[in-house]
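User: Please take a close look at one helix in this model and what packs against it. After that, work outward to the rest of the chain.

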Amino acid sequence: MASARKTPGSQVDGPARVKHGDQIGIDGMVLLRAIIAPYAPATLRQLPAVEVLRQVWIQQYYTDDQGTRWRTSAETPPASVRLVGPYDTQARTGTKRETSWDGYKVHLTETCEPDAPHLITNVLTTTAPVSDMKVTDQIHARLGERGIVPGEHLVDAGYINAGHILNAAVDHGITLIGPLRSDTNVRKATDQGFDNSRFTIDWDNKQVICPNGQSSVTWYPANSHRGTPVTRVRFAPRHCNPCPVKQHCTDSVNGRGLTLRPRAEHEILIRNRVEQQESGWRQRYQQRCGIEGTISQAVNRYEARRSRYRGTAKTALQHLLTATAINLARLDGWITGAPLATTRASPFTAIRLTEAFSS
């Protein structure tokens, strides 16, 4: 199958490769036209393989007055619907920072008591593009269905926001712990700006007081770009423009604007961002490091990154069997008293340690 490409002429896709890709597209279009031609057997176009071929070619190529051309990366469908191969039509492309892969994603949950073996309690398989943020509530629901809800759940930053913390507490009695993303205000990043925590909010009277003592002039409900409910607040230009500390607040000539989450989520966000700066919180959160060892064990010892099956259901079954094997190995090690493996140091860390001891 032809794959998505970057813009023609880039280092990744040279002119020769683009020309070859275009030719593949032309050949595929000739085949598809022959299949749907009046003289072709009607059963051909009903074959599942032909439908897959048609979808792939629509997603990867287009035809206009100039002929058939290979789509650029920007012209292909989003990863959530784009096929990545003719053999597994449920697999999709996932991207995390600079890494991309075709297939699926597995989310593991394990116990972390210091006086008991660390066992995997939940395995959730999704297609690769599904965001970690979308599965947190689903993981808690699964744990609740089986009666193994934890008192505390330590998660990576990708699985937590203020809404998840609230839902976990209200729906399942779980204290969700993880690093909330820092404020995105540019000035706040330099420790000179006024983020939302610097404003006094009167929720009952629907009014906000700024750090310089001025009151907001508008307060109205709205939806964020994700469709979640928020409140938009605006301060008057007559107050903001002559303000002596405006440079720490806003560049807008129309006055400072705030976007507030629902009250319960807002208060969680403010409180937890302060708590996660404390040493006690960081020591508490260190217990989550064990899951990184579990992922390493699953990948390096049980080949979790290579799916032996096609389709989400069978891949999920493989992940469950892998987790079961890990649990059996850990129970055996716990019963026989086998020592835990030490944390591996990266080559860069090893060099630093060597230099420190030699000096």
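Analyst: Gly-147, just after helix α3, takes a positive phi of about 70 degrees. The model is a predicted one, and that applies to every value below.

Helix α3 spans residues 136-145, and its buried residues are Thr-136, Ile-139, His-140 and Leu-143. They lie on the same side of α3, because the arc they cover around the axis is only 95 degrees. The cover over these buried residues includes the strands β4 (99-110), β5 (120-127), β6 (152-154) and β7 (175-177), together with helix α4 (162-172).

One of those buried residues, Ile-139, is also among the residues with the most contacts inside the largest nonpolar core; the others are Ile-160, Ile-165 and Leu-176. That core has 15 residues. Two or more residues each come from α3, α4 and α7 (263-275), and the largest share, three residues, is from α4. In soluble globular proteins, nonpolar side chains tend to be buried together.

Leu-176 shows how the parts meet. Leaving out residues up to four places away in sequence, Leu-176 touches Thr-136 and His-140, and also His-153, Val-155, Ile-160, His-164, Ile-165 and Ala-168. Apart from this core lies another, of 13 residues, among them Phe-199, Ile-201, Trp-203 and Leu-260.

Trp-203 also takes part in an aromatic pair. There are four such pairs in the structure. The pair of Trp-203 and Trp-219 is edge-to-face, with 5.8 Å from centre to centre and 85 degrees between the planes. It links distant parts of the chain: Trp-203 sits in the loop between β8 (200-202) and β9 (207-209), Trp-219 belongs to strand β10 (residues 218-223), and the two are 16 residues apart. Trp-203 has a relative accessible area of 15%, so it is buried.

Another tryptophan, Trp-57, is located in helix α2 (residues 48-60). Its relative accessibility is 9%, so Trp-57 counts as buried. Apart from neighbours within four places in sequence, Trp-57 is in contact with Ile-24, Gly-25, Gly-28, Met-29 and Leu-32. From the C-alpha atom of Trp-57 to that of Ile-26 is 9.8 Å, across 31 residues of chain.

Next comes a polar side chain. Asn-327 is part of helix α10 (residues 312-336), and a relative accessibility of 16% makes this residue count as buried. A polar atom of the Asn-327 side chain lies 2.8 Å from the backbone nitrogen of Ile-120. Once residues up to four places away in sequence are set aside, Asn-327 touches Leu-119 and Ile-120.

The cysteines can be read in the same way. A search of the whole structure finds zero disulfides. For Cys-210, which is in no disulfide, the nearest cysteine sulfur is that of Cys-243, 6.0 Å away. The cut-off for a disulfide is 2.5 Å between the sulfur atoms, so that pair does not qualify. Cys-210 counts as buried because its relative accessibility is 15%. Cys-240 is in no disulfide either; the nearest cysteine sulfur is that of Cys-249, at 6.1 Å. With 10% relative accessibility, Cys-240 counts as buried.

Two further positive phi values are found in loops. Most residues other than glycine have a negative phi. Arg-97, which is not a glycine, has a positive phi near 55 degrees. This residue lies in the loop between β3 (92-96) and β4, and its relative accessible area of 69% makes it exposed. Glu-303 has a positive phi of about 55 degrees although it is not a glycine. Its place is the loop between α9 (290-300) and α10, and at 44% relative accessibility Glu-303 counts as partly exposed.

As for the chain as a whole, there are 11 helices and 12 strands. Of its 359 residues, 35% count as buried. Among contacts with a separation of 6 or more, 50% are between residues 24 or more positions apart.

Key: Residues are numbered from 1 along each chain as its sequence is written. This is a predicted model: local features need pLDDT of at least 70, side-chain atom pairs count only at pLDDT 80 or more; totals for chains, interfaces and linings use all residues. Side-chain values use heavy atoms; hydrogens and water are left out. Helices (H or I, at least four residues) and strands (E, at least two) are DSSP runs, numbered from the N terminus. Buried means under 20% relative accessible area, exposed over 50%, partly exposed in between (1.4 Å probe, protein chains only). Contact means heavy atoms within 4.5 Å. Rings of Phe, Tyr and Trp (its six-membered ring) pair if their centres lie within 6.5 Å; planes under 30 degrees apart count as stacked, over 60 as edge-to-face and the rest as tilted. A polar contact is a pair of N or O atoms within 3.5 Å; within protein, one must be able to donate a hydrogen and the other to accept it, and residues adjacent in sequence count only if both atoms are side-chain atoms. The arc is that of the directions from the helix axis to the C-beta atoms. A nonpolar core is a set of buried Ala, Val, Leu, Ile, Met, Phe, Trp, Tyr and Cys residues joined through side-chain atoms within 4.5 Å.
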